[in-house]
Each structure stands twice: as C-alpha cells, then as structure tokens.
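This report concerns aromatic rings and a bound ligand. The sequence and structure are shown first.

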Amino acid sequence: PLKAANVPIFFIVGGPGSGKGTQCDKIVAKYGLTHLSSGDLLRDEVKSGSPRGAQLTAIMESGALVPLEVVLDLVKEAMLIAIEKGSKGFLIDGYPREVAQGQQFESEIQEAKLVLFFDVAEETLVKRLLGRAETSGRADDNIDTIKKRLHTFVTSTAPVVDYYESKGKLVRINAEGTVDDIFGVVVANLDKVTSKI
Ligand code: AP5
C-alpha cells in the first residue's frame, strides 16, 4: 500500500541542532505535507513503554543510531496512518541517517523527490543545543552526548549527503542564518518541485 500511494517524499538531513524541526514546522504550515521526525517517533516509542521502546533508551542516550529496521518500521507505520487520512506528501526529518537507510527506503517504499541538507558549522550546532539543553528536557542534550551525536553525524550521516548529491537529489542549504532567511531559501527550492503536488 505504501508503494502504491506514490506521494512526494522529501527528506530533511542535517547535524544535531541544525534546525530540522524548526524549519519543518514552517514547511508544513506552508505546504501541508505530513511531517514525520524519526527522533520524535523514537521518543514516542520510548514513552509508550513498549518492549521495542525499552531497547532504544540507552542507544539514544549514547548518541548512536538505533537499528535501521526499527526506524523504518516506525516510519512505515506512521506513513500508513497518514495515507489513510489522505496525506498528500511527506517531510521526513532526521532520516536517512546512514546510506543503508536511504537504500532500504528506496527499495521498500520509493525514491525521495528531494533531500534538503542543512549545513551548519559544528561550533554553531553545539551552541544551539547547549542553549536548548535547559528547557528541552531531552536526555541527549548534554555536552557528552552532543559530542557523540556530532561524531555519529560525521561518520554515518555525512556519507548520506554525498550519496544524494551523486544522485542529483541534494539541495545544500547554508543554515547558519536567521530562521526566516533559511526558510526563504527552503521555499525557493521547494517551489521548483512542488507545483506538481
Ligand atoms: P533527533 O531527534 O533527530 O535529533 P537531532 O538530529 O540531534 O536533531 P535535533 O532534533 O536535536 O535538532 P534539529 O536539527 O531538529 O534542530 P531544532 O530545530 O530543534 O534524533 C535523536 C536521536 O534519535 C539520535 O541521536 C539517534 O539516536 C536517534 N535517531 C533519530 N533518527 C534516527 C534514524 N533515522 N536512524 C537511527 N537513529 C535515529 O533546533 C535546535 C535549536 O536551535 C533550537 O533551540 C532552535 O530554536 C534553535 N535554532 C533553530 N534554527 C535556528 C537558527 N536559524 N538560528 C538560531 N537558532 C536556531
């Protein structure tokens, strides 16, 4: 049923604190896509108290990636629910985080229309996440885990950027500016491809 749905899919990739969630809220308000954050889906699973969730806490608190089958199952379940409700397309944030996730998604669901990569220097990422740490309530917003999340980004997720660049699907966005300036660049890029939605 997911393959048959054939709705446009956009991936949002970027380091921890690169503004994925912030920009997704604005994109959804303008384009009406369904926003799925892999991090939020995983945190909801932990909160649900399920056996699957119980295995995730330690991994997420260590800043590592959870097994790719777990993420894909959660994404698929959320997509199916949204499609039943008439979703006209998806904005999938924080996914794929390793090349194998992207390949698995392509073979089991479909290719993404575009991949937006939010490019932000490491010092800025650390500053933003530490700024958020006091209020986020997230167990992984502390300096030790932030360092590990950055390491995971460099080793596992940076190759995802190269992968989609080689496929001609990547839009690299300098995401160091203000939220509104970055959104302007996002809109300019999405408008080129969303006229068909
Ligand atoms: P996830 O929840 O995806 O966290 P993350 O990638 O570390 O990113 P964040 O949600 O912390 O930041 P963001 O980029 O959304 O930035 P935000 O808009 O909040 O993943 C958490 C964990 O789950 C992972 O470590 C992993 O264990 C697991 N996981 C998730 N997906 C997975 C997958 N696919 N496979 C395997 N494991 C997975 O902004 C950050 C802060 O900066 C905010 O305070 C915001 O107000 C501020 N800000 C935003 N934009 C700007 C701006 N332009 N200028 C100034 N401040 C800004």
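## Rings and ligand

The charged end of K30 lies 5.6 Å from the centre of the ring of Y31, over that ring; a charge sits over a ring if NZ of Lys or CZ of Arg is within 6 Å of the ring centre and within 35 degrees of the ring normal. K26 is placed over the face of F183, 5.1 Å from the ring centre.

The model is predicted, with local features requiring pLDDT of at least 70 and side-chain atom pairs pLDDT 80 or more, while totals for chains, interfaces and linings use all residues. Residues are numbered from 1 along each chain as its sequence is written, and side-chain values use heavy atoms, without hydrogens and water.

Rings of Phe, Tyr and Trp (its six-membered ring) pair if their centres lie within 6.5 Å; planes under 30 degrees apart are stacked, over 60 edge-to-face and the rest tilted. There are six aromatic pairs by this rule. F117 and F153 are stacked, because their ring centres are 6.4 Å apart and their planes at 20 degrees. Both residues, F117 and F153, are buried (under 20% relative accessible area, exposed being over 50% and partly exposed in between, with a 1.4 Å probe and protein chains only). Ring pairs also join F11, Y95, F105, Y163 and Y164 into a cluster.

Polar contacts are pairs of N or O atoms within 3.5 Å. Those of the ligand include the following.

| Ligand atom | Protein partner | Distance |
|---|---|---|
| nitrogen | S38, side-chain N or O | 2.7 Å |
| oxygen | R132, side-chain N or O | 2.7 Å |
| nitrogen | G177, polar backbone atom | 2.9 Å |

Notes:
Polar contact = N/O pair within 3.5 Å; in protein donor to acceptor, adjacent residues only side chain to side chain.
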